[in-house]
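Q: Please take a close look at one strand of this model. Where does it sit in its sheet, and what does it line?

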Amino acid sequence: SLSKLQLKTGDLDPRLFSRLRHLQNLDLSDNLLDKFPNSLTLPDLRVLNCNNNKLEDVTALKQFPLLEELTYENNVYLTLNDDYKVMFLLQNLRRLNGKDITKLANHVRRVNSRKLTSKVTAHWEKFFRDQLPEKYTAEQVKSIRKKFLKSVQTNVVCGPSSLSEFTRWRVKMIAEEFLACSLGVELNSDTEPEEKRDENEEESTESPREAGEDVAQVGDFSSYISNVTVTPSKRKRSHSKASSGNKRSKSQASTEEEAEDVSAEPLHFLQCHSKGNSREDFKTQLWSCVFEPVLDSGARKDPIVSSSRTVATCGGESVCLIDCETGTVLKKYKVATEEFFSVAWTTLTMVISDSGKKSHNILAAAGRRGIVKLIHVAADFCYGEIKAHKKPIATVCFSPTQETHLFTASYDKRIALWDIGIPDGDYNFKASQLLVLETASIPLRIALVPTCPEQYLLAGCEDGCFAWNIQLDKGQKSRPFEAIFQFPDEESVTTSHRVDGLAFLNDDVVVSKSSKPGCIYLWSWSRSFDAKGKGCQRTISAVILAELEWSTTDMSYLTLSTCPAKEYVFCGDEQGSVWMYNLSSHTPAWGSAKGKRSERRIPPTQILKWPELRVNGEQPPEILVNNVVADAAFTYLVVLTSVNITAIWKKS
C-alpha cells in the first residue's frame with residue numbers, strides 16, 4: 001500500500017518497481033499521479049487501485065498484462081472512452097471500478113474489433129486500393145498511409161458518439177495493422193509526427209463513471225424526435241467524404257442572381273430540451289447556441305475542418321451539449337426552476353495538478369432567475385454560480401481578450417461586467433463585479449467592438465441601439481451610455497426602435513435588425529462613431545452601408561448571427577426558414593474610406609426552407625426560428641425554434 005503519500009508520477013522509480021517481480025496487489029489511491037511511467041514492469045500484478053488521483057491517460061496500463069481488477073474512480077479527466085481502452089488493452093481484466101465487466105469486455109475485444117476491422121478493410125477497398133499503382137515507391141506508400149489514416153479515423157463510425165474517441169483510437173490501431181500486413185508498411189514508420197490529439201480532452205460522456213453496458217441508453221435523453229418523417233428524405237448523410245457522386249437534397253434558392261448554391265442538407269432534428277423529458281413537449285422555446293472553442297490540444301475538434309462540431313444550446317430548464325455530426329446529446333444540465341436564455345464559452349487556464357496548467361473550456365448559462373451557472377464541461381461539473389441580477393438575464397458574452405471577464409445583460413436595464421475568477425484545484429473561485437452600464441431600456445443583444453473589445457460595447461435594446469465606453473481605468477463604476485444611434489425610418493430617422501439582432505460581420509461592419517419589418521441594416525461602426533467627435537453629442541446617425549432583404553414579418557426576437565470568416569449573415573424567420581447572405585463580394589467596397597451605400601436591398605444568397613417534418617404523423621405548429629448559428633468554418637448550421645426542435649444542417 002502506497003496510499004495517501006502525496007506521490008507524484010516522478011516518485012514511481014522504474015528501477016525500484018522493476019525489481020518487484022512477484023507483486024500482485026498495489027494500492028496507489030489518494031495521491032497526485034497524473035500518469036503512469038511506461039516501464040514499471042510488475043509482471044505479476046493482478047489488482048491495482050488508483051482512486052482519487054489526477055490521471056489523464058490509461059494506455060500505459062497495458063504494461064500490466066495479468067491485471068484482473070482495476071479501480072480508478074474520482075480521476076475527473078478519465079471518461080467512458082478510457083474504460084473501453086483498458087478493457088481492450090488488458091485481456092485478463094474482469095472487474096473495473098467494482099463492477100464485473102467480463103461480458104462487455106469480451107464484446108469490446110471481439111465483436112467490436114471484428115466490426116471495425118471489416119469497416120476499415122472496406123474503406124480501403126472502396127477509396128484507396130486503386131490509388132496505389134502496381135509498382136509503388138516508399139514515398140507513395142508514405143503519402144497514401146497518411147491520407148488513409150486520416151480518412152479512416154474520420155469516416156469509420158461505430159457505436160454512440162460518446163465513444164467516438166475510443167473508436168478513432170481503435171480504428172487507427174487496426175488501420176496501421178492492416179497496412180503493415182497488406183503493404184508491408186511498418187507500424188509508425190512515418191517519420192512525420194501525426195497530428196497530436198489530446199486523448200483525454202475529447203468528448204466525455206453523460207456520466208463518465210457509468211458502466212459500459214449503459215451506453216445503449218444514450219437515447220434516454222430523448223434526443224431524436226420519435227416517428228419523424230422528413231422531406232427532403234435524406235435525413236442522415238453518408239459518412240464517406242469520398243462518395244462525391246451522392247446527390248444531396250438541396251434547399252430552394254431565393255434568387256436567380258446568386259453566384260453560388262450553398263447546398264446544405266438537413267442532418268438532424270432533435271427534441272432534447274423537453275420539460276420532464278416529455279416527447280409531447282412542442283412548446284419549450286429554444287433561445288441560444290454557441291459552438292465550443294477548439295482547444296490547442298484539439299479537444300472535440302472535427303478531424304476534417306479546423307473548428308468545433310460541438311455546440312451548447314439552451315431553452316427551458318436545460319442546457320445541452322450536442323455533437324453536430326452525429327446528433328448525439330453528449331451532456332445535459334437541468335435546473336428545474338430555471339428557464340435558460342443564453343449560453344457563452346470561455347477557455348480558462350487552470351491548475352489541475354502540480355504538474356502544470358492546462359486549458360479547459362468553461363460554459364456560462366443564465367436566464368430567468370438572474371443567476372449565472374458556471375460549468376466545467378470536461379469534468380461534468382457545475383462548480384459555481386453568480387447571483388448577477390434580481391431580474392432575468394437576456395444575454396451573456398465573454399470578452400475575447402480577458403478570459404475571465406463576463407458581461408451579463410438583464411431586464412433590470414443594466415449590463416454588468418464580472419470577473420468570474422479562475423477556480424483552484426478544489427473549484428473554489430471568487431467573482432467580482434467590475435462595472436455596471438445603465439441602459440434606458442431592456443438590453444436584448446450585446447457585442448464587443450472587435451478592434452477595441454476592452455474599450456467599447458454595443459447593445460441592441462428594446463428602445464434603440466447604444467454604445468458604452470467600458471475601459472476599466474476610468475474609475476467610474478456605474479456609467480450611462482456614450483452614444484445612441486439613429487436609423488432611417490419610414491419617413492425620417494429614429495432612435496426609438498427595438499433592436500433584437502446585433503452582430504459584427506468583420507472588424508467594422510455591424511449587422512443589426514430592428515422592428516422595421518423586412519429590413520436588416522449593415523452599417524460602419526468606425527464611420528458612425530468617428531462622426532461623434534470629441535463633443536458631448538450622444539445621438540449619432542448610423543452610416544448605413546446596405547440593407548438586406550428579409551421577411552416582412554413584424555414578429556420580434558428572431559435574432560441574427562454572422563460567420564465572419566466566411567462573410568455570411570444568417571437570420572431565421574416566422575416560417576421555419578433560414579435566410580443566408582454571402583456578402584464577400586460587397587465587403588471590399590464597404591472597407592474603403594469612401595465606400596458608398598449599396599443602392600438596392602441585397603437579396604439572400606439562399607433561403608433554407610423548413611423541411612416537411614411530421615411528428616407522429618402530424619406537422620408541428622407554427623415554427624419560428626429564434627436563433628441560427630454556424631460554426632467558424634461554416635460546416636454546420638444550428639437552428640433553434642419556438643417548438644422545442646433543434647435542427648442541424650450541414651453544408652454539402
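A: Start with one residue pair: Cys563 stands opposite Tyr568, a residue of strand S32. The model is predicted, so local features require pLDDT of at least 70 and side-chain atom pairs pLDDT 80 or more, whereas totals for chains, interfaces and linings take in all residues. Numbering runs from 1 along each chain as its sequence is written, and side-chain values use heavy atoms, without hydrogens or water.

S31 pairs with S32 (residues 568–572) in the antiparallel sense, over four bridges. Strands here are DSSP runs of E with at least two residues, numbered from the N terminus; pairing takes at least two DSSP bridges.

Now widen the view. S31 belongs to an open, antiparallel sheet of four strands, ordered S31-S32-S33-S34. S31 is an edge strand, pairing on one side only, and so is S34 (606–608). Neighbouring strands in this sheet are turned by 20 degrees against each other on average, direction ignored. The axes are lines fitted to C-alpha atoms.

S31 also reaches the largest pocket. The lining has 46 residues; Cys289, Val290, Cys397, Thr562 and Val629 lie nearest the centre. S31 (560–563) gives two or more residues to this lining, as do S8 (286–291), S12 (340–353), S16 (393–398), S20 (443–448), S26 (499–504) and S36 (625–630). A pocket is an open set of 1 Å grid points that fit a 1.4 Å probe, with protein on both sides within 12 Å along at least five of seven lines; lining residues have an atom within 4 Å of a point.

The pocket volume is about 1,500 Å³, counted as the space filled by probe spheres on the points. Its lining divides into 31 nonpolar, eleven polar and four charged residues. Cys and Val count as nonpolar; Asp, Glu, Lys and Arg as charged.

Notes: Axes fitted to C-alpha atoms, helices over the stretch in contact; angles between N-to-C directions.
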